[in-house]
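Open the model in your viewer and keep a selection box ready. The stops below are meant to be taken in order.

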Amino acid sequence: MKVKSIKIGDYEGMISSAPCNFVTGYYESTYTEYHPITEEYIIPRLPKNINTIIDFGCANCNNFIPFQNKIKDVKCVGFDLSAADQINFVCSKKNLTYYQCSIQDFVKTVNNWGNKYEPIDWANSLVWTQGTLLYVNKDGETDYCDRFVQTLLDLGCKNIFLHEYTEGWDNTIHGFVKFSEKYKKLFKIGEPDEMSHVMMEKK
């Protein structure tokens, strides 16, 4: 089964300048283990209306696996930098859509997509990231971490789980997620672990 893919931009330069080899390390990987927090914490707390899981920084889509195992006919939408034909998709390809799109281009362009692409049901979606926003740097005076969250809220998303390195972690090679105080206050931070930024409706 072929994955439905949509190309928003070309990010070869961003990939080649990254501090690790994203292509062989993540996109082409056959690694099927997923982060246990998805199954142990997120899924038991998912509101019943959630029918779509959106992963920004999806790599080979391994973190979709527990959701596909637990939620019947769940739709999965992945965003990342690599071309679709470079990715070894390890999850089920049923109801899977892949966007070759950076966080920056998502923030800049999503409101102009209109009916050009298949609509995403943001109000009934969970957005998840895992070590993704630490690569989103400031563009002049505009903080894309803040803008990313605001864009999701403007689209109607109410359930967001960001699993991101924060200052204090020994992760100086890659960096840290950076939110202003205004956006930090929107999340419950530090549960179930120090990387967790949780905004979820009650089940």
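A residue is called buried at under 20% relative accessible area, exposed at over 50%, and partly exposed in between (1.4 Å probe, protein chains only). This is a predicted model, in which local features need pLDDT of at least 70 and side-chain atom pairs count only at pLDDT 80 or more, while totals for chains, interfaces and linings use all residues. Residues are numbered from 1 along each chain as its sequence is written, and side-chain values use heavy atoms, with hydrogens and water left out.

**Stop 1: the salt bridges**

Select K4, which is partly exposed at 39% relative accessibility. Then add E118, also partly exposed, with a relative accessible area of 38%. Their side chains form a salt bridge of 2.8 Å, N to O; the term stands for a side-chain nitrogen of Lys or Arg within 4 Å of a carboxyl oxygen of Asp or Glu. The pair links distant parts of the chain: K4 lies in strand 1 (residues 4-7) and E118 in the loop between helix 5 (103-109) and strand 5, 114 residues apart. Helices (H or I, at least four residues) and strands (E, at least two) are DSSP runs, numbered from the N terminus.

How many salt bridges does a search of the whole structure find? The search finds four. Another of them joins the side chains of E181 and K184, at 3.5 Å, N to O. Because E181 and K184 are three residues apart in helix 7 (residues 181-184), about one helical turn separates them. K184 is partly exposed at 36% relative accessibility. Next select K188 and E191, a salt bridge whose closest N and O atoms are 3.1 Å apart. Here K188 is partly exposed at 46% relative accessibility, and E191 is partly exposed at 35%.

**Stop 2: the nonpolar core**

Now select F56, F79, F106 and F148. Of the 61 residues in the largest nonpolar core, these four touch the most other members. Such a core is a set of buried Ala, Val, Leu, Ile, Met, Phe, Trp, Tyr and Cys residues joined through side-chain atoms within 4.5 Å. Helix 6 (residues 144-155) supplies the largest share of this core, five residues. In soluble globular proteins, nonpolar side chains tend to be buried together.

Center on F79 and show its contacts, meaning heavy atoms within 4.5 Å. Leaving aside residues up to four places away in sequence, the partners of F79 include F56, C58, Y98, Y99, F106 and W113.

**Stop 3: the cysteines**

Move to C58, which is buried, with a relative accessible area of 1%. Why is C58 not bonded to C61? The sulfur of C61 is the closest cysteine sulfur to that of C58, but at 3.8 Å it is too far for a bond. A disulfide is a pair of cysteine sulfur atoms within 2.5 Å, and a search of the whole structure finds zero. C157 is buried as well, at 2% relative accessibility.

**Stop 4: helix 3 and the loop before it**

Select helix 3 and color its buried residues: I37, T38, Y41, I42 and I43. Their cover includes helix 4 (65-70), strand 5 (125-130), strand 6 (159-163) and strand 8 (196-199).

Finish on H35, in the loop between helix 2 (22-27) and helix 3 (36-45). H35 is partly exposed, with a relative accessible area of 25%. Not counting residues up to four places away in sequence, H35 touches N63, W128, Q130 and H163. The C-alpha atoms of H35 and F64 are separated by 9.9 Å, with their positions 29 residues apart along the chain.
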